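Open the model in your viewer and keep the sequence panel in sight. The stops below go from selection to selection.

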Amino acid sequence: MLIGEVARRSGVSARMLRHYESLGLVSPSGRTGSGYREYGTEDIRRIFHIESLRALGLSLREVRRALDDADFTPSSLVEDLIRRTRTRIAAETELLGRLDRLHAADPADWEDALQVVTLLQALGSTSADARQRAALSSADTVPVPVEALVEAALDESDPHVAGALRWALARSGDGAPALLAQGLGSPVAAVRERAVRSLAELDGGAAVGHLRDALAHTDPVVRGHAAVAIGARGEADAVPALLDMVVEGRNDTDAADTLSVLASDTATADRIAHRLVERLAHTATAAPARGRLTQALAGIPGTRASRALAELSHDADRAVAVTATYLRQLRDAG
């Protein structure tokens, strides 16, 4: 079969076939009487093998090795191809993300576009100072897209940069709550905590709604941050989670302070005091939990809390009794 016919049947151009021959990848098994290249059945099979390997992403040098090296193992080649393909996909995905964020910023001209690109690059910098400056600059004329701010906030471990990013998110518009709420479902605990802390600093009903939903989260850290955040906004739904925090000793000081904020009227104060007393009566844990519940009572105004402290001053647990007596004296003095 002459080269033209091979090109038509294989889809490989005559020029490429000659290139393969120059590299030693394929060599026509014969010549016609006029000296033209003549390809046999094995030559055609080898050409198809070459094209199949190229379709997998191999270079021509790697193709030659795969076909001619007797010790070559396909498994090692496939493993290397998988690694390189994943690296390429990751790079392309990162590029696509940058382009999406640039498109979301809707720059008016190339100057604006370059400013957005510069800020996006700064958010991914290894320098914490550069990341912080980028976050604080996001409220300028050309803002950073909210998707980029959320991604940076969920990934940020430096507390100062994280604070700047939360500040930027609070000024980024209506899209942040829903994106941050997705972070609550992350398998990484640190990401979930960053998401709920960022939500806690956002205003508006959407953020509060997601925080209210987070009260039922399986992660106690998420529940705790959500309870403190919506409790400080006067949401009584936070009370059970706040009581759990006091009992378990997780950020119990903030939880007790938030309970005091919620006890803004007599009826609510008495209900919270009643719940604290119930926990004291049914808490089968060690004395520290009962001590924390007793201390939390001190911040609850009203006669119900005062009576509870008076009763606890005679508690069988001496540490609780001493704490209740001291707290009662402070209340009476005040």
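Select R212 and D237 to begin: they form a salt bridge whose closest N and O atoms are 3.7 Å apart. The pair links distant parts of the chain, with R212 in helix α12 and D237 in the loop between α13 and α14, 25 residues apart. Keep in mind during the tour that this is a predicted model.

Now add E235 to the selection. R212 forms a salt bridge with E235 as well, and here the closest N and O atoms are 3.0 Å apart. Helix α12 covers residues 205–214 and holds R212, while E235 sits in the loop between α13 (220–232) and α14 (239–248), so this pair ties together parts that are 23 residues apart in sequence.

Are these side chains buried, exposed or in between? R212 counts as partly exposed, at 33% relative accessibility. E235 is also partly exposed, with a value of 21%, and D237 is partly exposed at 45%.

Move along to E248 and R250. These two form a salt bridge with closest N and O atoms 2.7 Å apart. E248 is partly exposed at 45% relative accessibility, and R250 is partly exposed at 22%. Going back to the earlier selection, salt bridges that share partners join R212, E235 and D237 into one network. The structure holds 10 salt bridges. As background, side chains of opposite charge can pair when their charged atoms come close.

Next, select helix α15, residues 252–262, and show its side chains. Which of its residues are buried? They are A255, A256, T258, L259 and L262. Around the axis they cover an arc of only 160 degrees, which puts them on the same side of α15. To see what covers these buried residues, display α13, α14, α16 (266–282) and α17 (287–297), which are among the covering elements.

Then go to D315, in the loop between α18 (303–312) and α19 (318–333). A polar atom of the D315 side chain lies 2.8 Å from the backbone nitrogen of D317. Leaving aside residues up to four places away in sequence, D315 touches R290, V320 and A321.

Go back along the chain to helix α9, residues 159–170. At 1.5 Å a residue, its 12 residues should span 16 Å, and the end C-alpha atoms are 16 Å apart, which agrees. Select D158 to see what caps the N-terminal end of α9: a side-chain oxygen of D158 lies 2.9 Å from the backbone nitrogen of H160. Within α9, the buried residues are V161, A162, A164, L165, R166, A168 and L169.

Finally, clear the selection and look at the whole protein chain. How many helices and strands does it have? There are 19 helices and 2 strands. The chain has 334 residues, of which 38% count as buried. Turn on the surface: the accessible surface comes to about 18600 Å², and carbon and sulfur atoms account for 52% of that area. Of the contacts in the chain with a separation of 6 or more, 51% are between residues 24 or more positions apart. The bridge between R212 and D237, which are 25 residues apart, was the starting point of this tour.

Terms used:
Residues are numbered from 1 along each chain as its sequence is written. This is a predicted model: local features need pLDDT of at least 70, side-chain atom pairs count only at pLDDT 80 or more; totals for chains, interfaces and linings use all residues. Side-chain values use heavy atoms; hydrogens and water are left out. A salt bridge is a side-chain nitrogen of Lys or Arg within 4 Å of a carboxyl oxygen of Asp or Glu. Helices (H or I, at least four residues) and strands (E, at least two) are DSSP runs, numbered from the N terminus. Buried means under 20% relative accessible area, exposed over 50%, partly exposed in between (1.4 Å probe, protein chains only). The arc is that of the directions from the helix axis to the C-beta atoms. Contact means heavy atoms within 4.5 Å. A polar contact is a pair of N or O atoms within 3.5 Å; within protein, one must be able to donate a hydrogen and the other to accept it, and residues adjacent in sequence count only if both atoms are side-chain atoms. Accessible areas come from the Shrake-Rupley method with a 1.4 Å probe; for residues, only the protein chains shown count as cover. The expected span of a helix is 1.5 Å times one less than its number of residues.
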